[in-house]
Amino acid sequence: MTASALSASALPSIAITATHAAPSSQPSSAPLTRVSLAYIEPRFKLYLRFGEPARTLQLDRWRRCAMFMPGAILCRVRWQANDYGTIRWQLMVMQAATPFDAVQRIPGVQPGACLLLHAEGDANVRAVLERIDGIEALGITAIDVSPAYWRTLANRLAAHLSLPEYTAERHAAWLAGRALP
């Protein structure tokens with residue numbers, strides 16, 4: 001067996017072992033949500049817009065796997081092109097689930113996640129990206145935004161209504177509500 005064949009055959013076993021390991025600050029039994037990411041320069045990008053993975057595993061030159069703790073919020077963007085230009089834009093804001101949550105099955109997300117927002121198409125994805133940029137301009141990290149805001153944004157997109165802004169007052173109300181017992 002050649003060295004390249006050996007390293008290629010060892011890669012899946014390394015990936016399987018590492019995906020079940022939790023960071024040292026968390027108990028080893030904490031379940032992680034695994035999110036596949038990829039980058040093929042002229043044709044395909046599957047990347048995180050925001051989110052703080054507990055661990056990232058580089059599978060090969062083009063693929064990575066980001067692992068998130070339960071309750072973590074993340075945004076994954078998918079962009080695809082062919083010889084004539086962009087053929088698909090997709091943006092999903094999701095929340096990593098605990099073992100007791102009902103989850104949606106999402107390609108590339110294992111075992112699944114709670115889907116907070118799904119935007120498809122150039123105009124919708126750009127509108128959501130503008131809202132994310134506006135949130136970050138306020139000095140608020142997007143992972144700290146209320147899940148209810150992402151759901152509201154998704155519903156407004158689906159109904160073709162004007163999209164709400166996320167304000168500092170709304171964020172303060174969310175933080176105050178979260179602090180209540």
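This report walks through the nonpolar cores of a predicted model and the helix H2 that feeds one of them.

Residues are numbered from 1 along each chain as its sequence is written. In this predicted model, local features need pLDDT of at least 70 and side-chain atom pairs count only at pLDDT 80 or more, while totals for chains, interfaces and linings use all residues, and side-chain values use heavy atoms, leaving out hydrogens and water.

Let's start with the largest nonpolar core, which has 28 residues. A nonpolar core here is a set of buried (under 20% relative accessible area, 1.4 Å probe, protein chains only) Ala, Val, Leu, Ile, Met, Phe, Trp, Tyr and Cys residues joined through side-chain atoms within 4.5 Å. Among those with the most contacts inside it are Phe-50, Val-93 and Trp-150. These elements, DSSP runs of at least four residues for helices (H or I) and at least two for strands (E), numbered from the N terminus, each supply at least two core residues:

| Element | Residues |
|---|---|
| Strand E5 | 73-82 |
| Strand E6 | 85-96 |
| Strand E8 | 109-120 |
| Helix H2 | 122-137 |
| Helix H3 | 147-158 |

H2 gives the most, with six residues. A second, separate core of 12 residues includes Ala-66 and Met-92.

Back to H2: its buried residues include Val-125, Ile-132 and, yes, Arg-131. Arg-131 counts as buried because its relative accessible area is 16%. Leaving aside neighbours within four places in sequence, Arg-131 is in contact (heavy atoms within 4.5 Å) with Tyr-149, Leu-153, Leu-163, Pro-164 and Glu-165. After H2 comes Gly-139, with a positive phi near 85°.

Notes
Buried means under 20% relative accessible area, exposed over 50%, partly exposed in between (1.4 Å probe, protein chains only).
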